[in-house]
Amino acid sequence: MRFILIDKIVEVHPGESIVTKKNLTITEEYLADHFPGFPVMPGVLMLEAMTQSAAWLIRLTDNYADSIISLKEARNVKYNHFVQPGETLTLKIQILSRKEGETKVKAEGWLGDVLALSARLVLSHHNIGRDYPTMAWEDKSVVEKLKKVYELIAPQN
């Protein structure tokens with residue numbers, strides 16, 4: 001995960017749902033080019049933030065059983081509102097169905113009480129060692145890094 005687009009996990013119900021937050025600040029490098037004079041979060045990064053939120057839900061549901069979680073399909077993606085610096089995008093993800101190696105979710109991004117975007121996502125999840133047995137050791141390394149990220153964004157009890 002090169003870009004972490006989730007600042008905080010607010011609430012999680014493993015196997016069911018997760019609520020996360022992304023605080024958009026003017027210091028985010030990509031805003032200089034998107035768009036000059038009217039900085040807004042690119043739609044593809046809004047979709048990525050939803051994907052990352054869904055990935056955290058899968059990890060926490062399965063106790064990090066899979067090291068690799070990626071977006072397989074995005075359906076019915078609707079962008080309804082710009083996200084500008086100073087705003088907080090609240091992402092709400094709900095599991096719709098699961099089968100071996102795949103999870104379908106309903107995803108929404110909210111700015112207060114305004115729906116900014118929505119989508120149905122299909123995420124694929126597996127381990128590196130499944131496809132490349134000689135690299136199975138890498139799964140443990142990836143999971144350990146993810147656990148360190150979780151410590152930074154996890155709900156404080």
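Modeller: Welcome! Two strands count as paired if DSSP finds at least two bridges between them. The model we will look at is a predicted one.

Biologist: Which residue in S5 is the bridge partner of Ile95?

Modeller: Strands S4 and S5 are joined by nine bridges, running antiparallel. With at least two bridges needed for pairing, S4 and S5 are a pair. Within this pair, Ile95 has a bridge partner in S5, and that residue is Val105.

Biologist: Which residue takes a positive phi in the hairpin of S4 and S5?

Modeller: Two residues lie between the strands of this hairpin. The one with a positive phi, near 75°, is Gly101.

Biologist: In what order do the six strands form the open sheet?

Modeller: Some of the links can be followed pair by pair. Five bridges connect S1 with strand S2 (residues 17-23), and seven connect S2 with S4. The pairing in the sheet is antiparallel, and the full order is S1-S2-S4-S5-S6-S3.

Biologist: Which strands stand at the edges of the sheet?

Modeller: An edge strand here has a single partner strand, so one side of it is left without a neighbour in the sheet. That is the situation of two strands, S1 (8-13) and S3.

Biologist: Which residue of S2 is the bridge partner of Val12?

Modeller: S1 and S2 run antiparallel and share five bridges. Val12 takes part in this pairing, and its partner in S2 is Ile18.

Biologist: What angle does the direction of helix H1 make with that of S6?

Modeller: Helix H1 (residues 43-62) packs on the sheet, where it touches S1, S2, S3, strand S4 (88-99), S5 and strand S6 (114-126). Against the direction of S6, that of H1 makes an angle of about 50°.

Biologist: How many of the 20 residues of H1 are buried?

Modeller: A residue is buried when its relative accessible area is under 20%. H1 is largely enclosed by the rest of the structure, because the number of its 20 residues that are buried is 15.

Biologist: How far does H1 reach from its first C-alpha to its last?

Modeller: At 1.5 Å a residue, the expected reach of this helix of 20 residues is 28 Å. The value in the model is close to that, at 29 Å.

Biologist: Now for charged side chains. Which residue forms a salt bridge with Lys72?

Modeller: Side chains of opposite charge can pair when their charged atoms come close. Lys72 has such a pairing, its closest N atom lying 2.7 Å from an O atom of Glu102. The two sit in distant parts of the chain, 30 residues apart, with Lys72 in strand S3 (residues 68-79) and its partner in strand S5 (residues 102-111). That partner is Glu102.

Biologist: Is Glu102 buried or exposed?

Modeller: Lys72 has a relative accessible area of 53%, so it is exposed. Its partner Glu102 has 10%, and the cut-off for buried is under 20%. Glu102 is therefore buried.

Biologist: How many Å apart, N to O, are the side chains of Arg130 and Asp131 in their salt bridge?

Modeller: Arg130 is exposed at 55% relative accessibility, while Asp131 is partly exposed at 39%. A salt bridge needs its nitrogen and oxygen within 4 Å. The side chains of Arg130 and Asp131 meet at an N to O distance of 3.2 Å.

Biologist: Which residues do salt bridges that share partners join into one network?

Modeller: We have already met the salt bridge of Lys72 with Glu102. Shared partners bring another lysine into one network, which consists of Lys72, Lys99 and Glu102.

Key: Residues are numbered from 1 along each chain as its sequence is written. This is a predicted model: local features need pLDDT of at least 70, side-chain atom pairs count only at pLDDT 80 or more; totals for chains, interfaces and linings use all residues. Side-chain values use heavy atoms; hydrogens and water are left out. Helices (H or I, at least four residues) and strands (E, at least two) are DSSP runs, numbered from the N terminus. Buried means under 20% relative accessible area, exposed over 50%, partly exposed in between (1.4 Å probe, protein chains only). Contact means heavy atoms within 4.5 Å. Axes are lines fitted to C-alpha atoms, for helices over the stretch in contact, and angles run from 0 to 180 degrees between N-to-C directions. The expected span of a helix is 1.5 Å times one less than its number of residues.
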